[in-house]
Amino acid sequence: MKIKKKKIHNKIDYSTRLNCILSKQDNLVDLISLKKFPVFIGCTVKPKSEDLYFDMDWSVGVSSGLIQLKNLINPNIIYSDFHSEAVGQLWKKHNEEFSKFVIKYCDSRVLEIGGGANIIANLCAKNNKIKNWYNFELAKIKNSQIEYSGKVKYINKSITGSYAKKIIKNETTLVSSHVLEHLYSPIETLKTIIKNTKIKKIVFSIPDLKTYLENKYLNVINFEHTYLLTEEVLKKILSEINFKIKIKKNFQKHSIFIYAVKSEKEINYNLPNLKKYQNLYKRNIIFYKKKISKFNKIFLGRNKSSNFIFGAHIFSQYLLKMGLKENNFSYVLDNSKDKFRKRLYGTNISVEKPDIIKKIKKPIILVNMGQYQSEVEKQLKKINKKTRIVKI
């Protein structure tokens with residue numbers, strides 16, 4: 001894949017994809033543009049005047065049909081602060097199950113990319129099978145947020161940088177959880193890792209983006225998920241680095257666990273046309289624009305102190321960017337302790353703990369949390385049984 005030289009626009013450093021991530025010969029055509037979208041998916045203590053926005057321009061490969069972001073924002077902006085806490089029971093279960101999956105198929109020396117605050121690493125390191133584990137993570141994580149095991153080394157650097165070459169020579173298993181869809185050049189990145197190591201096994205957890213899209217979840221593609229990673233696309237990526245899938249396990253329509261191994265023979269995989277996903281994505285955008293007008297009518301004229309929206313993340317940012325009126329809400333609720341009293345980036349709304357609704361007589365909360373919907377609804381009803389949930 002070719003990426004055009006970096007440019008700077010409105011204080012934002014970005015690059016442009018010149019062709020499809022799956023082939024240098026496959027040109028891109030425009031699909032849809034979401035104007036002036038917040039570039040950071042998270043919360044901040046800085047004033048709103050410092051928030052940055054950029055057009056989210058989606059394109060498709062002419063031959064592949066793959067949806068992918070045209071302009072790529074500098075990762076130092078996108079990952080300027082840690083915001084992938086992955087809290088809640090569903091994530092807890094995911095991490096436990098994926099860790100078991102990793103232990104079953106990994107070797108003793110592991111290289112992880114995008115491992116955040118060592119959650120998967122520390123769970124796996126409890127097993128005697130693990131001797132050494134490197135976690136390369138771009139986001140800057142406070143020391144207080146990281147749990148260290150004696151076997152685990154957290155490294156706040158790029159996996160493709162010169163520093164990585166010096167130390168990752170004997171690792172034989174590559175691990176990642178919800179990271180592959182974040183890579184700007186997945187094939188080239190994986191080729192570099194394999195070239196610089198002895199990787200013969202790959203163990204991935206990827207989000208089930210096909211199911212997300214079909215169910216109209218809003219955390220499908222964004223400035224971080226820069227292409228629509230489906231099973232077909234994954235097979236194509238792996239074939240380009242000569243790896244084949246040995247084991248696949250679906251996890252609750254949330255994730256797909258993959259164990260792949262290096263092949264001795266050249267792998268050829270013919271990617272099916274992905275146009276159906278383009279149509280789904282465009283229909284979802286239209287669907288939400290209609291829904292938002294209904295949401296605005298529901299909250300209009302009510303006592304603002306009783307109105308809330310749940311999720312200080314991409315779920316709420318999408319709704320607010322597409323026309324949901326933020327002045328109808330007193331707070332955005334979230335379970336992450338690292339977000340309390342901060343401001344949802346790109347908005348004027350502050351974040352509060354869900355417990356704030358205990359003293360509200362009849363709270364009304366907009367909850368559009370995709371695969372976490374049921375878990376959040378139960379939590380809010382438990383806090384205050386008179387809570388009214390507004391949902392899709």
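Which polar atom lies 3.3 Å from the backbone nitrogen of I199? The partner is a polar atom in the side chain of T197, a polar contact being a pair of N or O atoms within 3.5 Å, where within protein one must be able to donate a hydrogen and the other to accept it, and where residues adjacent in sequence count only if both atoms are side-chain atoms. Before we go on, a word on the model: it is predicted, so local features need pLDDT of at least 70 and side-chain atom pairs count only at pLDDT 80 or more, while totals for chains, interfaces and linings use all residues. Residues are numbered from 1 along each chain as its sequence is written, and side-chain values use heavy atoms, with hydrogens and water left out.

Let us stay with T197 for a moment. This residue is found in the loop between α5 and β12; helices (H or I, at least four residues) and strands (E, at least two) are DSSP runs, numbered from the N terminus. T197 counts as buried at 10% relative accessibility, where buried means under 20% relative accessible area, exposed over 50%, and partly exposed in between (1.4 Å probe, protein chains only). Leaving aside neighbours within four places in sequence, T197 is in contact (heavy atoms within 4.5 Å) with L111, I168, K169 and E171.

Stepping back along the chain brings us to helix α5 itself, residues 186-196. Its buried residues are P186, I187, T189, L190, I193 and I194. They cover an arc of only 165° around the axis, so they sit on the same side of α5; the arc is that of the directions from the helix axis to the C-beta atoms. What covers these buried residues includes the strands β8 (109-113), β11 (173-177), β12 (201-207), β13 (243-251) and β14 (255-262), along with helix α7 (231-240).

The loop between β11 and α5 holds H178. Its phi is near 55°, a positive value in a residue other than glycine. Most residues other than glycine have a negative phi. H178 is buried, with a relative accessible area of 14%. A second case is R341, with a positive phi of about 70° although it is not a glycine. R341 lies in the loop between β16 and β17 (343-344), and with a relative accessible area of 65% this residue is exposed.

Now turn to helix α10, where Q373, V376, E377, L380 and I383 are buried. Seen down the axis of α10, these residues fall within an arc of 130°, so they line one face of the helix. The face turned away from that buried side carries the exposed residues K378 and K382. Among the elements covering the buried residues of α10 are β15 (307-310), β16 (331-333), β19 and β20 (388-390).

Just ahead of this helix, V367 sits in the loop between β19 (364-366) and α10 (373-383). V367 counts as buried at 0% relative accessibility. Not counting residues up to four places away in sequence, V367 touches F310, Q373, V376, L380, I389, V390 and K391.

For a contrast in exposure, look at D30 in strand β3 (residues 28-38). At 61% relative accessibility, D30 counts as exposed. D30 touches W58, S59 and K70, not counting residues up to four places away in sequence. D30 and V60 are 30 residues apart in sequence, and their C-alpha atoms are 6.5 Å apart in space.

What about empty space inside the model? The structure holds one cavity of 30 Å³ or more. On a 1 Å grid over the protein atoms alone, a cavity is a set of points where a 1.4 Å probe fits but cannot get out, and lining residues have an atom within 4 Å of a point. About 90 Å³ of space lies in the largest cavity; grid points are joined across faces, edges and corners, and a volume is the space filled by probe spheres set on the points. The lining consists of L213, Y217, L218, N219, V220, I221, Y281, N284, I285, Y288 and Y318. Helix α8 (residues 275-299) gives the largest share of that lining, four residues.

Last come the cysteines. How many disulfides does the structure hold? There are zero, a disulfide being a pair of cysteine sulfur atoms within 2.5 Å. C106 is in no disulfide, and the nearest cysteine sulfur, that of C124, is 6.3 Å away. C106 is buried, with a relative accessible area of 1%, and C43 is buried too, at 7%.

Terms used: On a 1 Å grid over the protein atoms alone, a cavity is a set of points where a 1.4 Å probe fits but cannot get out, and a pocket is an open set with protein on both sides within 12 Å along at least five of seven lines; lining residues have an atom within 4 Å of a point.
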